[in-house]
Amino acid sequence: MTRCPDCDAEIDLDEDEVEEGEILSCPECDSELEVTQTHPVHLIVISDDEDEEEDDDADEESSATEKEEEEEEEEAE
């Protein structure tokens with residue numbers, strides 16, 4: 001028996017039926033979990049926050065690039 005690292009719910013997994021790197025969902029809290037080890041099964045929570053942070057960083061970079069381009073255009077005039 002394996003437990004969700006996020007909500008501690010019991011998850012019935014057969015270590016012969018999962019593969020390392022496989023993505024699962026917790027039936028209780030719907031967290032995305034990654035199998036990091038199969039004997040015994042070990043799960044980690046895949047954080048959506050990382051994806052959001054990367055998106056925010058990309059947005060900030062594109063905003064900064066747009067501002068630089070606008071400043072260059074103003075200087076050229």
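## Briefing on a predicted five-strand, one-helix protein

The protein exposes an accessible surface of about 6,100 Å², and 35% of that area belongs to carbon and sulfur atoms. The structure is a predicted model, in which the protein has a mean pLDDT of 79 and 61% of its residues reach 70 or more. Its secondary structure consists of 1 helix and 5 strands, arranged along the sequence in the pattern β-β-β-β-β-α.

**Confidence**

- Within the protein, strand 5 has the highest confidence, at a mean of 95.
- Helix 1, which spans residues 48-76, has the lowest confidence, with a mean of 58.

**Overall packing**

- Of the 77 residues in the protein, 18% are buried.
- Among the contacts with a sequence separation of 6 or more, 21% are accounted for by residues 24 or more positions apart.

**The sheet**

- Three of the strands form an open sheet: the sheet has 3 strands in the order 3-4-5, and the pairing is antiparallel.
- Strand 3 (23-25) and strand 5 (41-45) each have a single partner strand and therefore stand at the edges, with one side of each left without a neighbour in the sheet.
- From one strand to the next, the twist averages 40 degrees.
- In general, the strands of a sheet pair through backbone hydrogen bonds, in either a parallel or an antiparallel manner.
- Strand 3 pairs with strand 4 (residues 32-38) in the antiparallel sense, and 3 bridges join the two.
- One bridge involves S25, whose partner in strand 4 is E32.

**T2 in strand 1**

- T2 belongs to strand 1, which covers residues 2-3.
- The relative accessible area of T2 is 9%, so this residue is buried, the cut-off being under 20%.
- Apart from its neighbours within four places in sequence, T2 is in contact with A9, E10, I11, L13, V41 and L43.
- Two of these contact residues, V41 and L43, fall within the range of strand 5 (41-45).

**D12 in the loop after strand 2**

- D12 is located in the loop that runs between strand 2 (10-11) and strand 3.
- With a relative accessibility of 68%, D12 is classed as exposed, because the cut-off for that class is over 50%.
- The C-alpha atoms of D12 and M1 are 5.4 Å apart in space, although the two residues are 11 residues apart in sequence.
- The two residues described here thus fall in opposite classes, since T2 is buried and D12 is exposed.

How values were computed:
Residues numbered from 1 in each chain as written. Predicted model: local features only at pLDDT ≥ 70, side-chain atom pairs only at ≥ 80, totals over all residues. Heavy atoms only, no water. Pairing = 2+ DSSP bridges. Helix = DSSP H or I, 4+ residues; strand = E, 2+ residues; numbered from the N terminus. Axes fitted to C-alpha atoms, helices over the stretch in contact; angles between N-to-C directions. Buried < 20%, exposed > 50% of the residue type's maximum accessible area, 1.4 Å probe, protein only. Contact = heavy atoms within 4.5 Å. Areas by Shrake-Rupley, 256 points an atom, 1.4 Å probe, with all protein chains shown as cover. pLDDT = per-residue confidence, 0-100.
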